[in-house]
Amino acid sequence: MVLVNGLGVFWPAAIAQVELADGETVLGAWVREETNPDTDEETFQLKTGNREFDPQRMDFHWYPKDSIRQVSYPSDVYVLERPENGDFFGFLDDVQTPSLELPGEGEPSERFQAALAEVRREQANTIEPIARQLSLLNGQLQKIGNKILKLEYRNKRAGAEADASLPDDDLAQLRAEEGEIKAQSDQLVAEKLAQETALRSNVALFRTASGEVQEIPLTNIVRWYQPNAMGPAAKIKHYAAKIWELLADEPRESNTEGGLFPAIFGTVMLVFLMSIACFPLGVLAGVYLGEYAREGVLVRMVRIAVNNLAGIPSIVYGIFGLGFFVYGLGGLVDQWFFPERAAAGVPTYGTGGILWASMTLGLLTVPVAIVATEEALRTIPRGFREGSYALGATKFQTLWRVLLPMATPGMMTGFILAMARAAGEVAPLMITGVVKLAPNLPLDGQFPFFHPDRKFMHLGFHIFDIAYQSPNVEASKPMVYVTTLLLVLIVLVMSGAAIYLRNQMAKRFRSRTI
Amino acid sequence: MHTDAKTILRRAKRRDAIARWVILLGGVTVIGSVVAILALIVGVTLPLFRQAQFREAGRFGLPGGQRPNEVVAVGIDRSVADGSLTAHLLTADGECTFIDLLSQRRLGSQSMRPESATRDKKVVSVERSTGGRYSLLWSDGFLSAVEVGIGSASEAQGQTAPYKFRELAGVAGEEGAQPLKAILCRSEDGATTSVRLFSGGRLIAERQVTTENLLGETEVKAQKLALDTTGLTTITAIAMDREGTSLYAGTESGQLARWQFDGDGNVEVRDALTAFSDRRAITSLAMMFGGVSLAVGDARGELTTWFPVRYDGKARLTRIHTLKAHEGPVEQIVPASRGRTLLSRSGNAIHLDQATSERHLLSIQPDSLVRNVGFSPQGNVAVALKGRELVAWEIDAPHAEVSWRTLFGPIFYEGYERPEYAWQTTGGDDFEPKLSLVPVIFGTLKGTVYSMLLAVPLALLGAVYTSHFTTPGLKRAIKPVVEIMAAVPSVVLGFLVALWLAPILEHWILALFVGLATIPATFLGFLVAWQAVRRFQWAKSLENGYEFLILMPVLILGVGFAALLTPGIEKILFDGNFRGWLYEAFTLRYDQRNCVVIAFGLGFAVIPIIFSIAEDALSSVPYSLTASSLALGASRWQTLWRVILPSASPGIFAAVMIGLGRAVGETMIVLMATGNTPILDWGPFNGMRTLSANIAVEIPEAPVGGTLYRVLFLCAVLLFALTFLLNTVAELVRQRLRKRFGRL
C-alpha cells in the first residue's frame, strides 16, 4: 500500500480537461472515484491546482460523475511547480521579458523556455553571489554579537563587583564593526531586492481552463512540464529528477513539497551520534553479562535492569532526556561556558538539540546492543576460550584477541538493529529537539562546522508533522507516503540485513561446533 | 629477557584487572541508568507535594501619629520586573500610604477623599474585592470605589510615582440613614452597582448605566430597588462580584442569600438557604477570582467555598469545598487575584488554603495582635498589620493546586455540575487547572485492553502454530517476517492507522461486526466439508504443516461474505446508517479515531513482541516431552494442551506481560490515532488519551518547573512504574523458566 502510494507520487499524471454539465471547464489530475455514502452519488476527485483561484484555497475538488460532458487530454497543458500556492495547471499564452534581451518573436513555448533559462542564469549570476555574501556577513554578525554579549556580561559582573564599569575600547570597536557590517548587509539586501524585482518583471502569461489569465513571474517557476505531451522516456526522466529533488533539496510549502534532504541528513546524523553514545556502553555491559558475570544477585539485577531498559516506554526516555540532558546537563554547560547567553535568556545547550536527542536515543537502544553482544559471545563455542586460557592468556587477552573478533559480526547485527530502532523512533525526539523546519543543518561550513546544539529534522517526525498537523490534508498526502516509504525502506533494509546476517552467523557456528 | 617476560606478564595482569573493573562498571552502569531515570523523574515530581514555606520579607513601623486602629485596610503588590514589594495602607482619615517594604521607605501618599466630601469625613467601612479594588463608605454616606496598586512598566514611564491610585466611581449617599456596610462596583462597560446595608436588615441596590445615545449625548439611567430580605436574620457580611451582577449576603444564623441582577439592575434570581445546619454565624464573605465562587468564613473558623449549581434547570448555591477549620471565627478572607488560594485571618493567626485541592498550605502565628491582612494579586506575598508594624511574608507555594485528591479523586470544579475527574490544561480557565490523572490512566488502560483483546489471541495462536504445527521451512520464513514486522517504526503505523485505516473502518465498521460472525461460520462450514475431503491422500498430506494454504482462501471467503452482506444488513436493520443508529439507540457517538482503530494499530505493534517471546518459550520446551507424549498415543492437540502449554505457560505469561508493557507505553500510534480526548468511557467507538500521548501533547507547552511540567513527569513516573512492574515480573518468570528447563 505504502509502496504503491509512495512510488506513484512523482509519476507525472496526465492532466484532463473536463467539461462539466454546467458549462464550467476544469483542468486537473484525476485522483480517485468514490460513491458518496450519504447521497449515493458517484463522484470523482480532481487535483485542480491553482490554489489562488479558490476561495477556500483548496486544490482538490469533488465533482459528480454524471456531470461530465467531455474529457480530453490537451497536449499543451503546462504544469508549473511553484514555491507557493501549489501547482499551476494552464495553457501558455505569452511571455513578457522586459528586463531581458531576448527575441520577441517566435513560438511562445520556445520563448518561454529560452526566457526561463535566461532568468535562471541571471539568478545564478547576480542574486546567488549576493545571497552567499549575505550569509557570510550574517555569520560574522552573529559572532560579533556573541562577543559583544560576552564583553557586556563581563562588564556587568565586574561592574557589580567594583561598582564602576570602565569604558571599554574593545566593546566600542566591536560595536563599530557590527554597525559597519550591518550597513554593508543592508546595502546588499537592498541590492538583492532590486535585482529580484527586476527579474520578477519577466512573466509568463498562463490561461487557466476557465479562461482567466494569470501572470506568473518566471522566478516563481521551480519546475515545469507538459505531462500530456511527455513520452515514457521523458516521464522517466522527470521521475528521476523528482527523486533527486526529494533526496537533495530543501522542503517547500510547509514541508508538503520539495525535498527531504534536511530530514534525511538529520536522521543519519542522529543515528551516527547515537551509535557513539550507545555502543561502548552496550558492549561493556554485554561482555560483563556474557563473560565476566557469575550467576548471583548482581547479575540477576543487571538482567532485570536490561529488560527494563528495553521495556521503558520511549516517551519516558524522552522526558528523562528533557529533564536530565536538556535542562540538567545542558543548563550546566550553558552556565559554565555561555553564561552571557544564558543571562540574556538565549539557551545554547539548555534547549533541545541533536546532541541531547542522540544521547537519549543512545540510552534507549543500549539494551539492543547489550543483548546482541551477549548473544554473540554465547554462540562462540567453549573450546575457543579453553584453548586461549590453556595457552596462558589472561581473561582480557582472551576477550580482546579471540572472543571479540569472533563476536564482531554478531555484535554488528545488534548494532544495525539498534540503529534501525533509533531511526524509527520519534516520541523521545519530539521533546528533545526535533523541529518541523530547521533553518540550519547541524553540520555546515561555519566554524566549528559541527553544531551539536542545533535543532534538527527527522524523517519520522516529518511524517508525524505533515500527516497530523498539516492544514491541507489532501495536498500533504503524497509527501507523507513518500516520506513513509523512505523511512520504512531505511528501517526495513537495515533490520533485514541484520536478521540475514544473524541467520548466516548461526549457521557458521553450528557447522563449527560439530 | 627474564625481566621482560615478567613485565609483560605483569602488564598483562594489570590490564586484565583494569578491564575487569571497567567491564563490571559497564554492567553496573546499566542498573545505574535505570535507577537514574527513576530518580530523575521522581525528583522532578517531588516538589509537587512539598509543604508550602514562608519567610519574612520586610517590615515597617507605622508612621508616627498613626494609630493602628485607624488603619482600615492593608494590601501589597509585588513587582514582576524587579521583585520590589509595595505595600499600601488605607486609613480612616482617607489617606492611602504607599511603602516600599524592601528599602523600608515611605513612597508617598494619596488622598482618597472625593471632591464632594468635607474635611472631617472619615472612612466608616471598607469592602475589598479582587485586583486591589476597595469600596469605601464615608461617614456622610458617600460611597466610592478605588483601585490601588503598582504602576505597570509602561504606565510608570513619565510618571514618577511607582504606584497607582485610581478612583473608579462614586455615588452620593441617601439623606438621613447611614449604612453599615456598602459595596460599589464598576463593570467593564461603565455601569456602576452599589449595595448598601442599613441597620435593621434593609438592603438597597442601585444601578446606574451610562449610555451614549445617537446624538452623542450621555444618558444616565438609574434604577434603585430594595432587596427582598424576608426570612433572613441580621446580615453580617456582604460580597459582590466585580461586574456587579451578583450579590451575596451571610447572616448571623448561618444563612446565605444570593441575588442576581440583570442588565437593567432588576433582580433576576433570589436564592436563600441555611448554609450551616448548626446555625453558626457567617463572619466574612469574599468573591474569589473569576467572580463565580464565594468564599465563606464562619464563627467556627471554617472556610467553605460555594457557587451556584444547576439542579433541574434551577441554579442553587451549593457548598463545594470545605477547607481545614481553624481556631476562632474567620474575621477576614482575602482571595488571590489569580488562582484559588485564600488568605484568611482568624483568631490571631493568618492561614493560607487552596480551595480546589482543599490543601491547608500554612499558618502564620505572629506574636502580637493582627488587625488586618492583605494578599498580593499573584498570591505570593502576604502582608499584615501586626501591632504597630506592617509585616510582609514571602510565600512559596508553587504547586498548591496539586494534591493526591486533585490528581486521583473527583473534584468539584467551578462551573461543573458535579464532582468530576477531568484533565484540562488549556482553554480559558487556567486559574483552575484540571489535573486529574484518572481519565488519562483510564485511557491508557482502555487502549491497552482493546489492543490486547486483538493481539493476545492472534499472537499466541500464531506462536503455537509456528512452534509445533508447521514445517521447519515455514518456521524459518515466518520468524524473520515477524521480526521485520516488529521493526516497522511506530510513527509509520500511527500514520497508516490514522489516515488510511480509520476512514476505511468508518465506512466498514458494520462489516467488522458482520465479519465476526461470517468468518467463524465459513470456518465451521469448511471444517465440515474438510471431513469429507480428508479421505483423499493429497488432502491429508496438507494437514502436516500446510493447512494455511487452504485456510487462506477460507478466510478471504469469510471476509468476502462480510463485505457482501453488510450493505444489506445495514439497510434492513439499521436504516442504512449504522453510525446514526448507534447514536440513536445508545447515544454512542462514532469518532473516526476510536478504540477499534487503536486496537488494530497497537495490536500490530504488540503482536510481534508477544509472538517472538511466546514462540521462544514454546520452542524451548524440550522435545523429549513432546516425543514421549506423542509416543504414549496422545494426539497433537492433547500434547499441546496437556504437555506443552503447561510447561511453557510461564514464558507465555511473560510474553503477555512484556506485550502489555509495550502497549501501555506506546506513544506515536495513540497520539496520531486516538484524537487525544481525555474522557472516561469504555465505549469502543470513541477515543481516549493515554499517559504517553498526554506527555507528548502537553510537555512542549509546559513551562519548566511549573505545575503542569511536574505533573507530566508524574505521568512518566506512573508509566515507568507500570512498565517496570510488568517487565520485572516477566523477567523473573523467565529466569525461573530458564532454570527449570536448564535442568531437564
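In this predicted model, the centres of domain 1 of chain B and domain 2 of chain B, taken over C-alpha atoms, are separated by 65 Å. The domain assignment places domain 1 of chain B at residues 53-424 and domain 2 of chain B at residues 452-667. For chain A the assignment gives domain 1 (2-94), domain 2 (108-201) and domain 3 (267-509), and the C-alpha centres of domain 2 of chain A and domain 3 of chain A lie 39 Å apart.

## Where the two chains meet

The contact between the chains involves 65 residues of chain A and 61 residues of chain B. The size of an interface is often given as the accessible area lost when the parts come together. For chain A and chain B the buried area is about 5,400 Å², and 78% of it falls on carbon and sulfur atoms. Of the area that chain A buries against chain B, 11% is supplied by Ile315(A), Ile319(A) and Tyr468(A), which is more than any other three residues supply.

Which kinds of polar or charged pairing does the rule find across the interface of chain A and chain B? There are zero salt bridges across this interface, whereas four residue pairs are in polar contact, with both residues at pLDDT 80 or more. Several helices of chain A give two or more residues to the side that touches chain B, among them α5 (261-292), α7 (314-337), α11 (395-424) and α14 (473-513). The element that gives the most to this side of chain A is α14(A), with 14 residues. By class, the side of chain A that touches chain B is made up of 46 nonpolar, 13 polar and six charged residues.

## Salt bridges

Side chains of opposite charge can pair when their charged atoms come close. Over all chains, the structure holds 34 salt bridges, and the table sets out three pairs from chain B.

| Pair | N to O distance | Places |
|---|---|---|
| Glu147(B) and Arg166(B) | 3.3 Å | strand β8 and strand β9 of chain B |
| Arg405(B) and Glu358(B) | 3.0 Å | helix α3 and the loop between β24 and β25 of chain B |
| Asp367(B) and Lys386(B) | 3.3 Å | the loop between β25 and β26 and strand β27 of chain B |

In the salt bridge of Glu147(B) with Arg166(B), Glu147(B) belongs to strand β8 (residues 143-150) and Arg166(B) to strand β9 (residues 163-171), so the pair ties together parts that are 19 residues apart in sequence. Glu147(B) counts as buried because its relative accessibility is 7%, which is under the 20% limit, while Arg166(B), at 40%, is partly exposed.

The salt bridge between Arg405(B) and Glu358(B) links distant parts of the chain, 47 residues apart. Arg405(B) is partly exposed at 38% relative accessibility, and Glu358(B) is partly exposed at 22%. Glu358(B) also has a positive phi of about 55° although it is not a glycine.

In the pairing of Asp367(B) with Lys386(B), the partners are 19 residues apart. Asp367(B) is exposed, with a relative accessible area of 68%, whereas Lys386(B), at 9%, counts as buried. Beyond these pairs, a network of salt bridges links Asp278(B), Arg280(B), Asp298(B), Arg300(B) and Glu302(B).

## Single residues in their surroundings

Is Ser284(B), which is found in strand β18 (residues 282-287) of chain B, buried or exposed? Ser284(B) is buried, because its relative accessible area of 7% is under 20%. The side chain of Ser284(B) reaches the backbone oxygen of Val330(B) at 3.5 Å, and Ser284(B) also touches residues including Ala237(B), Ala295(B), Val296(B) and Ile333(B).

Ser84(B) sits in the loop between β2 (71-78) and β3 (85-91) of chain B and counts as buried at 17% relative accessibility. Not counting residues up to four places away in sequence, Ser84(B) touches Asp77(B), Arg78(B), Ser79(B) and Leu102(B).

Gln104(B), in the loop between β4 (95-100) and β5 (105-111) of chain B, has a positive phi of about 55° although it is not a glycine. Gln104(B) is partly exposed, with 44% relative accessibility.

In chain A, Arg69(A) lies in strand β5 (residues 68-72) and counts as exposed because its relative accessibility is 55%, which is over the 50% limit. Leaving aside its neighbours within four places in sequence, Arg69(A) is in contact with Glu19(A), Leu20(A), Ala21(A) and Gly23(A). The C-alpha atoms of Arg69(A) and Arg421(A) are separated by 53 Å, and these two residues are 352 residues apart along the chain.

Key: Residues are numbered from 1 along each chain as its sequence is written. Chains are lettered from A and ligands numbered from 1 in the order in which they are written. This is a predicted model: local features need pLDDT of at least 70, side-chain atom pairs count only at pLDDT 80 or more; totals for chains, interfaces and linings use all residues. Side-chain values use heavy atoms; hydrogens and water are left out. Domain bounds come from an automatic or database domain assignment. Buried means under 20% relative accessible area, exposed over 50%, partly exposed in between (1.4 Å probe, protein chains only). A polar contact is a pair of N or O atoms within 3.5 Å; within protein, one must be able to donate a hydrogen and the other to accept it, and residues adjacent in sequence count only if both atoms are side-chain atoms. Contact means heavy atoms within 4.5 Å. Buried area is the accessible area (1.4 Å probe) that two parts lose on being put together, summed over both. A salt bridge is a side-chain nitrogen of Lys or Arg within 4 Å of a carboxyl oxygen of Asp or Glu. Helices (H or I, at least four residues) and strands (E, at least two) are DSSP runs, numbered from the N terminus. Ala, Val, Leu, Ile, Met, Phe, Trp, Tyr, Cys and Pro count as nonpolar, Asp, Glu, Lys and Arg as charged, and the others, Gly among them, as polar.
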